[in-house]
Amino acid sequence: MDALRADPQVLYGAAIALLIVVLLTPAVGGMARLLGVVDNPGERRLNRRPIPRLGGLAIFMGILVPSLAFLDLSSEMRGILLGAAVACVVGAIDDFRGLAPLPKLAGQVLAAAIPTAFGVWIDHFTLPFVGAVDLPPWVGVPITIVWIVAVMNMVNFLDGMDGLASGVCAISGITFAVLALSLGKVDAAILSAIVAGACIGFLRHNFFPARIFMGDSGALVLGYTLAAISVAGLLKTASTVVLFLPLLVLAVPIIDTSFVVLKRLKYNQRISEADQSHLHHRFLNIGFSQRRAAVTMWAWTATLGAAALATRFIPFREGGEWHPRETATVVAIALAALGFSVYIIYLLEIVKLGNPRVRRRIAERERSEQKSA
């Protein structure tokens, strides 16, 4: 609370972003309909009626306006906003006309490279038992670009169900804001809160039944901005623990993308080819409604975010000494997050080996085939 009193721009930025997106999104949706930029129902689509895309334009404006008002634009933040503009343009072109995978990837790389020119790249971090590790530009810059492009595509892959990506990004933005503020990274905290506010505002129009989709223009902007914030606000810290927090906060899109990519590689499919193998599709296949599936994945993200915050704020180890009570609290929160993750993996049958539900299903199918033979 003291940090928020000292830097109320965090809350102001979030509130203004929310208001802008709530008010602007219907106009953007109407424009998309006039231009014919709509998602029509299809075999791989969950919507049953035409839904306008380009909601990302409203999200981008919701991020840009309060950022210009509250951020220090003399260095890193200016680079992040310029890259966000490029990401939005690339996504909007894809929403309008469709981009082939290579030109789209080139646009993403361009967007990710812009903040590195303004000093937003991983130049050092701390590893357990190793200490501080300094990276030269020829190593740190490519790693940063790969990280940003990867998160852009992860959020884009996640955006396949009403309210899912915007809800996950809102929770991630709130978590990043709290973490960055605790580390004294005020600009990163403000931008994280602005992203969260924009996502919450967009949910007013995007939660099931959605009246508009964010499209690539929104997914790429959100993925890009969260990834850039994680570099500027967290990854360059001298803290060993904080190094792993972005991976924990963004674990849901990371797991979803990893599972889909591995499955496509297994069956010799193109990675960029759309299908219905994402986690949210699996929720629907086992009988969840879109609302319930989205809220469940929000809850999953929130438990992982809570684990990240507990790791940061509960002093379980200070001065080389472990504190039993605090350590037990952190372990309990971490186990709760792990347990929820294991439950999801079991429920969706992501790992089929040893799953008794799968074994019973296979055994029943074999018995049925034997009877029919």
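Tutor: Helices here are DSSP runs (H or I, at least four residues), numbered from the N terminus. The model is predicted: local features need pLDDT of at least 70, side-chain atom pairs count only at pLDDT 80 or more, and totals for chains, interfaces and linings use all residues. Residues are numbered from 1 along each chain as its sequence is written, and side-chain values use heavy atoms, leaving out hydrogens and water.

Student: Which helix holds Ala-14?

Tutor: Look at the residue ranges. Residues 9-35 form one helix, and Ala-14 has its place there. The helix is H2.

Student: Is Ala-14 buried or exposed?

Tutor: Buried means under 20% relative accessible area, exposed over 50%, partly exposed in between (1.4 Å probe, protein chains only). Ala-14 has 18% relative accessibility, so the residue counts as buried.

Student: Which residues does Ala-14 touch, not counting those up to four places away in sequence?

Tutor: Contact means heavy atoms within 4.5 Å. With residues up to four places away left out, the partners are Ala-193, Ile-194 and Gly-197.

Student: What should helix H8 span?

Tutor: H8 covers residues 186-206, 21 residues. The expected span is 1.5 Å times one less than the number of residues. The end C-alpha atoms are 30 Å apart, which agrees with the expected 30 Å.

Student: How many residues of H8 are buried?

Tutor: H8 is mostly covered. Of its 21 residues, the buried ones number 17.

Student: Which helix gives the largest share of the largest nonpolar core?

Tutor: A nonpolar core is a set of buried Ala, Val, Leu, Ile, Met, Phe, Trp, Tyr and Cys residues joined through side-chain atoms within 4.5 Å. The largest has 73 residues. Its largest share, 13 residues, comes from residues 215-235, helix H9.

Key:
Helices (H or I, at least four residues) and strands (E, at least two) are DSSP runs, numbered from the N terminus.
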